[in-house]
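Please open the model in your viewer and keep the selection panel at hand. The stops below say what to select next and what is there.

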Amino acid sequence: MRMAQRFKRVGKSTKPIRTSESGINDPEYRASQRLQSVSTVAKPKSRETESPKPLSLPIPIAIRSPHSLDEMKILPPQFFQIDALDLAPRLLGKFLKRNDVVLQITEVEAYRPNDSACHGRFGITQRTAPVFGAGGHAYVYLCYGLHTMLNVVADKEGVGAAVLIRSCAPITGLSTIQQRRGQKTEKPLLLAGPGKVGQALGISKEWSNHPLYSPGGLEILDGPNPENIIVGPRVGIEYALPEDVNALWRFAIAGTPWISAPKNTLRPP
DNA sequence: GAAAAGATTAAA
DNA sequence: TTAATCTTTTCC
């Protein structure tokens, strides 16, 4: 029943992704992004025999060397204080860190003001207050009475916007992740899905409003920008207005196996 | 106060 | 396909 509804509406819109206008104002941060960013321009097709699918995201240097993990920089508050639609794709490739566990963000969704799918649509309540706070905090809530969902609050204070972390790739602390998840696998079953991310990080709604830019607890560290991104309509929001259901506000790293279901609604922008 | 529904998951 | 499970929001 719900499955049928879920697949009924697949976004056919060709509306281009909104690109950053205001962007990040900190010049120092911009410089560092330039240095480490990988080209986002699609490579020209040299041969027709080439595989149509892009290869998996290259393994970040940080994965191989714990030493370089120590040098990874925590992202400043201003990184998050932009439109959720700009922030969402920028979070791809970044790292979530809690003690020994480090996850790389592979799939996200943007939720914004005047968005009938956003939890902020009823205004400030006890649960949603962090969504209206300054960008860079966590918004954590319980879904279906079972699952802990982690969002990154976006934009300025007073704006109700956030980015849902839907999937991650495990980087360090695999055994801790497996223990918390109750799964011994290393396959995407381990971390592809928003409830799984919250469980793997061992967080509860008590973590809502936690600052992600402060050392200690749960942090977001800088990471490489993905080569290519795929987009699609958001998942599980059939109750929303059609224009919001159809908006292509779900983003994922192209080629990564760490993507939640349904995958067939994602495609190049 | 009661009731419905939910940004889901794993197992059958 | 369905049960699990409980908080939030709405409606009477």
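**The nonpolar cores**

Start by selecting L91, L96 and I165, which touch the most other members of the 44-residue largest nonpolar core, a core being a set of buried Ala, Val, Leu, Ile, Met, Phe, Trp, Tyr and Cys residues joined through side-chain atoms within 4.5 Å, where buried means under 20% relative accessible area (1.4 Å probe, protein chains only). Around L91, leaving aside residues up to four places away in sequence, add F79, F80, I105, V108, V152, V163, I165 and I220, all of which L91 touches, contact meaning heavy atoms within 4.5 Å. A second, separate core has 14 residues, among them Y111, F132, A240 and V245.

This is a predicted model, in which local features need pLDDT of at least 70 and side-chain atom pairs count only at pLDDT 80 or more, while totals for chains, interfaces and linings use all residues. Residues are numbered from 1 along each chain as its sequence is written, chains are lettered from A and ligands numbered from 1 in the order in which they are written, and side-chain values use heavy atoms, leaving out hydrogens and water.

**The DNA strand**

Next select DNA strand C, which eight residues surround, the closest being F122, T125, Y144, G145 and L146. Of the strand C atoms that come within 4 Å of the protein, sugar and phosphate account for 68%. Zoom in on the side chain of T125, where an N or O atom is 2.9 Å from a phosphate oxygen of DNA strand C, and then on Y144, where a polar backbone atom is 2.6 Å from a base oxygen of that strand.

**The whole chain**

Finally, colour chain A by secondary structure and, of its 269 residues, 49% count as buried.

Notes: Near = heavy atom within 4 Å. Polar contact = N/O pair within 3.5 Å; in protein donor to acceptor, adjacent residues only side chain to side chain. Buried < 20%, exposed > 50% of the residue type's maximum accessible area, 1.4 Å probe, protein only.
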